[in-house]
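Colleague: Can you walk me through this one? I have a few short questions about the fold, the core and the pocket.

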Amino acid sequence: QNFASITRLNTDHPNMSQTVVHEATGTIYLAGQVPDDYTLDAQGQAKEVLSKIDTLLGEVGSDKSKLLSAQVWLKTMDDFGAVNEIWQGWVDPVNKPVRAAVEANMAHPDILVEVMVIAAK
């Protein structure tokens, strides 16, 4: 395997890179993105998270139209409809990725939404 074709970006976190690009396949992997402002409601947190995804994909020459897969974690499924409203306004309607959304315990009690995506370059 050609590990030289793997680029890791935004590596200042002690546990992970924020972005990993497998150049040979043109595949981009983003770490799970959480909001910066934990005081926002689920829709506000979702907007912030999706904006962070836009930024990270843009840094490597991609965008949401090239999403392949998305995983959405919600602190409570009570927020499913509200977060879906934000998702539907953000996602490229012609190029929707496969997606799963589940309820999960979060790393911080005030995080309501986390999203991780895989995209093509």
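Modeller: What follows is a short run through a predicted model, topic by topic.

Colleague: Start with the fold. How many helices and strands does the protein chain have?

Modeller: There are two helices and six strands. In sequence order they run β-β-β-α-β-α-β-β.

Colleague: What about the radius of gyration?

Modeller: The protein chain has 14 Å, and a compact globule of 121 residues would come out near 14 Å, so the two agree. Along the principal axes, the C-alpha atoms fill a box of roughly 45 × 35 × 20 Å.

Colleague: And what share of the contacts comes from residues 24 or more positions apart?

Modeller: Such pairs account for 67% of the contacts with a separation of 6 or more. As for burial, 40% of the 121 residues are buried.

Colleague: On to the core. Which residues have the most contacts inside the largest nonpolar core?

Modeller: Ile53, Val113 and Val115, in a core of 25 residues. At least two residues each come from strand E3 (27-30), helix H1 (42-59), strand E4 (67-74), helix H2 (80-90) and strand E6 (113-120). H1 gives the most, with seven residues.

Colleague: What does Val115 touch?

Modeller: Leaving out residues up to four places away in sequence, Val115 touches Ala31, Gly32, Gln33, Val49, Ile53, Gln71, Val72, Trp73 and Trp87. Apart from the largest core lies another one of five residues, including Val34, Trp73, Ala104 and Met106.

Colleague: Switching to Ala70. Where is it, and is it buried or exposed?

Modeller: Ala70 sits in strand E4. Its relative accessible area is 2%, and the cut-off for buried is under 20%, so Ala70 counts as buried.

Colleague: Which residues does Ala70 touch?

Modeller: Beyond four places in sequence, the list is Trp87, Pro97, Val98, Arg99, Ala100, Met116 and Val117. Also, the C-alpha atoms of Ala70 and Ile118 are 6.5 Å apart, with their positions 48 residues apart in sequence.

Colleague: Last topic, the largest pocket. What volume does it have?

Modeller: About 160 Å³.

Colleague: Which residues line the largest pocket?

Modeller: The lining is made of His13, Met16, Gln18, Gly32, Gln33, Val34, Pro35, Asp36, Lys52 and Glu114.

Colleague: How do the residues of that lining divide into nonpolar, polar and charged?

Modeller: Three are nonpolar, four polar and three charged. Two names return here from earlier: Gly32 and Gln33 line the pocket, and Val115 touches both of them.

Terms used
Residues are numbered from 1 along each chain as its sequence is written. This is a predicted model: local features need pLDDT of at least 70, side-chain atom pairs count only at pLDDT 80 or more; totals for chains, interfaces and linings use all residues. Side-chain values use heavy atoms; hydrogens and water are left out. A nonpolar core is a set of buried Ala, Val, Leu, Ile, Met, Phe, Trp, Tyr and Cys residues joined through side-chain atoms within 4.5 Å. Buried means under 20% relative accessible area, exposed over 50%, partly exposed in between (1.4 Å probe, protein chains only). Helices (H or I, at least four residues) and strands (E, at least two) are DSSP runs, numbered from the N terminus. Contact means heavy atoms within 4.5 Å. On a 1 Å grid over the protein atoms alone, a cavity is a set of points where a 1.4 Å probe fits but cannot get out, and a pocket is an open set with protein on both sides within 12 Å along at least five of seven lines; lining residues have an atom within 4 Å of a point. Grid points are joined across faces, edges and corners, and a volume is the space filled by probe spheres set on the points. Ala, Val, Leu, Ile, Met, Phe, Trp, Tyr, Cys and Pro count as nonpolar, Asp, Glu, Lys and Arg as charged, and the others, Gly among them, as polar. The radius of gyration is taken over C-alpha atoms; the globule rule is 2.2 Å times the number of residues to the power 0.38.
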